[in-house]
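Could you walk me through this structure one selection at a time? I have it open in my viewer and would like to know where to click next.

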Amino acid sequence: MDRTPAHSAARTAPEGAVTLDLTLDAAALTAALVDIPSPSGAEKALADAIEAALRPLPHLTVDRHGNNVVARTDLGRAERVILAGHIDTVPIAENPPNVPSHLDANGVLWGCGTCDMKSGVAVQLRLAQTVTEPNRDLTFVFYDNEEVAAHLNGLGHVAEVHPDWLEGDFAVLLEPTDGQVEGGCQGTLRVLLRTTGERAHSARAWMGSNAIHAAAPILAKLAAYEARTPLVDGLRYHEGLNAVGIEGGVATNVIPDTCTVTVNFRYAPDRTPEEAEAFVRDYFADCGVEEFVVDDHTGGARPGLTHPAAAAFMAAVGGEARPKYGWTDVSRFSALGVPAVNYGPGAPLLAHKVDERVDVSLIPEAESRLRSWLTS
């Protein structure tokens, strides 16, 4: 595969700070964002560059909390729309490396975050720079730590400390959706199921009790699980219950006395978080689980496509709405009383992959559709 360096809109200032040129097109800006590494927990350089690029724009008020940047117009419009995107990525691959970015001969941009979701962030930045007289007041949110545990999420921190920054009538998360609106999102629950036994020498196994063997009913129940596929507000969701990790064992000559199976439940937004947890507890009730620990839990969000602002957005960008099978911060906006959808360039199935990439033609297309909605 022929790879050539992508043209970058990022420049290094004399003092070492990275600057972004927002006058370049969204595809070049995506490359520049990719070339500023920002795995979760290391977003400061990119947050600094975004803040520095937005502060000179006279039509925006810019605020910052940690590595989260919020920019707003204040034109007295009847409606306020939020365009939000996370600036962190999953860890950068080293072999082969997926940073810096590379543009191939077919117009495909390769690199960590090209799809999830620096192409969407580039669209945000282009709109922030060029849409100076929108038909709705705009809030642009760039936040950190979306790809890790919920308690670290920057949008959650802003909502807790500065809830007024996130007030609005409608929100768009520029997550990768292949340029199609994806409504709502599924909830995600991660639990630790622990079984116990008694240690013994493996040569005299009958003197102990094997905790790993005791986990067999848990695994059998998972293998027998039949996914629920409910219709929620016109969109068909698909639930999933899976083991994503198992840990046990002391040494190769010892019968283990503990075993932990980590289970992830992705559930449709017609369930409340309490109902989801109750379902999982009941599902494994007869499996000999000694300890049930909720390790991480964030609820889902209903599609909300009947809201007038969502209907206007659908009419502007076109296409047919689809369900969001993963979790996104649409859930957080829903909890704040702000209906939200997912819409952005990039293919969701390419997110988090070593060969993550985006067709650069999708980036200006998303920008154009959003611009039309915000200016027509």
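Select Asn145 to begin: you will find this residue in the loop between β9 (137–143) and α4 (154–161). Keep in mind that the model is predicted. Is Asn145 buried or exposed? Asn145 has a relative accessibility of 13%, and because buried means under 20%, Asn145 counts as buried. Now look at its backbone: Asn145 is not a glycine, yet its phi is positive, at about 55°. Such a spot deserves a click because most residues other than glycine have a negative phi.

Next, select Asp233. This residue sits in the loop between β14 (231–232) and β15 (235–236). Asp233 is another non-glycine residue with a positive phi, here about 50°. With 43% relative accessibility, Asp233 counts as partly exposed.

While you are here, colour residues 187–285. The UniProt record, an unreviewed entry, annotates this span as "domain: Peptidase M20 dimerisation". Helix makes up 23% of the span and strand 37%. How far apart are the end C-alpha atoms of residues 187–285? They lie 21 Å apart.

Now move to the loop between β6 (80–86) and β7 (102–104), where you can pick out Pro96. Pro100 is found in the loop between β6 and β7 too. Show the backbone and check the peptide bond leading into each proline. From Asn95 to Pro96 the bond is cis, with omega near -5°. From Val99 to Pro100 the bond is also cis, with omega near 10°. These bonds are worth a look because most peptide bonds are trans.

The next stop is among the helices. Select Thr30, which belongs to helix α1 (residues 26–34). Its relative accessible area is 0%, so Thr30 is buried. Which residues does Thr30 touch, leaving out those up to four places away in sequence? They are Leu109, Thr114, Lys118, Ser119, Ala122 and Ile363. Try a distance label on one of these partners: the C-alpha atoms of Thr30 and Ser119 are 5.0 Å apart in space, although the two residues are 89 apart in sequence.

From Ser119, step out to the helix pairs. Show α3 (residues 114–130) together with helix α2 (residues 44–54): their axes come within 11 Å and cross at roughly 20°. Angles under 35 degrees count as roughly parallel, so α2 is roughly parallel to α3. The crossing of α2 and α3 is right-handed. To see the contact, display Leu46, Ile50 and Leu54 from α2 with Lys118, Val121, Leu125 and Ala128 from α3. Of the residues in this contact, six are nonpolar, none is polar and one is charged.

For the last stop, keep α3 on screen and add helix α10 (residues 362–375). The axes of α3 and α10 come within 10 Å and cross at roughly 40°, which makes α3 oblique to α10. This crossing of α3 and α10 is right-handed. On the α3 side, select Ser119, Val123, Arg126, Leu127 and Thr130. On the α10 side, select Ile363, Ala366, Glu367, Leu370, Arg371 and Leu374. The contact of α3 with α10 has six nonpolar, two polar and three charged residues. Two of the names here, Ser119 and Ile363, may look familiar: they are among the residues that Thr30 touches.

Methods:
Residues are numbered from 1 along each chain as its sequence is written. This is a predicted model: local features need pLDDT of at least 70, side-chain atom pairs count only at pLDDT 80 or more; totals for chains, interfaces and linings use all residues. Side-chain values use heavy atoms; hydrogens and water are left out. UniProt positions are given in the numbering used here, feature names are shortened, and annotations may be inferred rather than shown by experiment. Helices (H or I, at least four residues) and strands (E, at least two) are DSSP runs, numbered from the N terminus. Axes are lines fitted to C-alpha atoms, for helices over the stretch in contact, and angles run from 0 to 180 degrees between N-to-C directions. Angles under 35 degrees count as roughly parallel, over 145 as roughly antiparallel, 65 to 115 as roughly perpendicular and the rest as oblique. A crossing is left-handed if the near helix is turned anticlockwise from the far one by less than a right angle, and right-handed if clockwise. Contact means heavy atoms within 4.5 Å. Ala, Val, Leu, Ile, Met, Phe, Trp, Tyr, Cys and Pro count as nonpolar, Asp, Glu, Lys and Arg as charged, and the others, Gly among them, as polar. Buried means under 20% relative accessible area, exposed over 50%, partly exposed in between (1.4 Å probe, protein chains only).
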